[in-house]
Amino acid sequence: MSNFPLNKDQLVELNKTYSTPFYLYDEKAIRENMAYFKKAFSVFPVFREYFAVKALPNPYILKVLESVGCGGDCSSLPELMLCEKSGITGKRIMFTSNNTPAEEYVYAQKLGAIINLDDITHIDYLKKSLGKLPDTICFRYNPGPLKEGNAIIGKPEEAKYGLTREQVIEAYKICKAEGVEHFGLHTMVASNELNPDYFVETARLLFELAVEIKEKCGVRIEFVDLGGGVGIPYKPGQKKVDLEYVATESKKIYDEVIVPAGLDPLEIYYECGRPITGPYGWLVTKAIHEKHIYREYIGVDATMADLMRPGMYGAYHEVTVVGKENAPKDHVYDVTGSLCENCDKFAVQRELPEIETGDYVIIHDAGAHGRAMGFNYNGKLRAGEILLRSDGTFKQIRRRETVEDYFATLDFDGLKDFE
Ligand SMILES: *Cc1c(COP(=O)(O)O)cnc(C)c1O
């Protein structure tokens, strides 16, 4: 079932003010979804979601999420600044970066963010960058061959992130000796994973490691950050991750492992992006060409530069045609953009209703890692973003790019005396 919030008349009306292609996000659905997420994890004494800013780096979205209690998970200077401008500061920022330049640590510290270190050598690097270590430090654990990966993120032992188990133990000992007072523990070993047991197992892994750290280092872990990686059902027939199940099962392990070790209350964090906004964002396009060669093609007015997941990973995104939701899917199309790259296809050999020029073609589940991953190859100007407010009104939260944006880093004046 399509969850696209507008009918054809509403879309035609909206299109008079904002021409396609554009991203549309549904504020009400995002708020309701966040309420569900928080309620599921309310079985824990303290729970917080740090929204992964990279998934949808728009300050209006961040402000909506901030208003329902979310923090922000950042890994670059501009992402830190986006949080700051959206009213997310202090310990509500998790700085989970890797291969981090010194000035980004300095800025994170200035905002009072929790700094999550990706390597044991970064303790020294951080100390040199800041002059002294912060009061609170978190480490990213890489479980290596202990944990299977998945197709997108790969195997943990092949991943560049985090510390080994031996290094984790050593790192907390060093920080304790250096006078660091508060500690967290983090891992992120999946991406777009739909098996709920995967997240329960990750919780067990971190809970048991927190106990080991207490025993071996005399360090009390005050929070565990279970990372992101919660998938969404992009394909029809796939099942949404049951977060109530993940929370209740993780709580059982908490009661079994954390409570007897004297680590209760332990704060539980996630830093999800995809399941928070992914299903509530759409790339709204219009069919501008139909082409009949060895295959049937529908050309839309957006390109892979607006949404690169299908071209980059062969990712599936549901495609619907507004007003033809119930029409028979008796045509097979490749739905393409206009890049000079043959992977610029939103759908390949997809069964769809007959599409005519001028039809609105909706690319679903584009609310996370959508516009954010866009690029300007072939001089393509990226689509803007519109928020459907909870009260039914529309707000443009990012305009479409212009040629001036594209040329902003060039100095054409300099051409005059360049021979
Ligand atoms: C990408 C990322 C996330 C968010 O992942 P989603 O799949 O969007 O939930 C969280 N934490 C880190 C460190 C990441 O790199």
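Ala, Val, Leu, Ile, Met, Phe, Trp, Tyr, Cys and Pro count here as nonpolar, Asp, Glu, Lys and Arg as charged, and the others, Gly among them, as polar. By that split, the shell around the ligand holds four nonpolar, five polar and five charged residues.

A quick word on the model: it is predicted, so local features need pLDDT of at least 70 and side-chain atom pairs pLDDT 80 or more, while totals for chains, interfaces and linings use all residues. Residues are numbered from 1 along each chain as its sequence is written, and side-chain values use heavy atoms, with hydrogens and water left out.

**Salt bridges**

A salt bridge is a side-chain nitrogen of Lys or Arg within 4 Å of a carboxyl oxygen of Asp or Glu, and the whole structure has 21 of them. Here are some:

| Pair | Closest N and O atoms |
|---|---|
| Arginine 31 and glutamate 27 | 2.9 Å |
| Aspartate 334 and arginine 295 | 2.8 Å |
| Lysine 416 and aspartate 413 | 3.5 Å |

How exposed are these partners? The scale is relative accessible area: buried means under 20%, exposed over 50% and partly exposed in between (1.4 Å probe, protein chains only). Lysine 416 and aspartate 413 are both exposed. Aspartate 334 is buried at 0%, whereas arginine 295 is partly exposed at 33%. Likewise, glutamate 27 is buried at 2%, while arginine 31 is partly exposed at 29%. Salt bridges with shared partners also link Glu27, Arg31 and Arg389 into one network.
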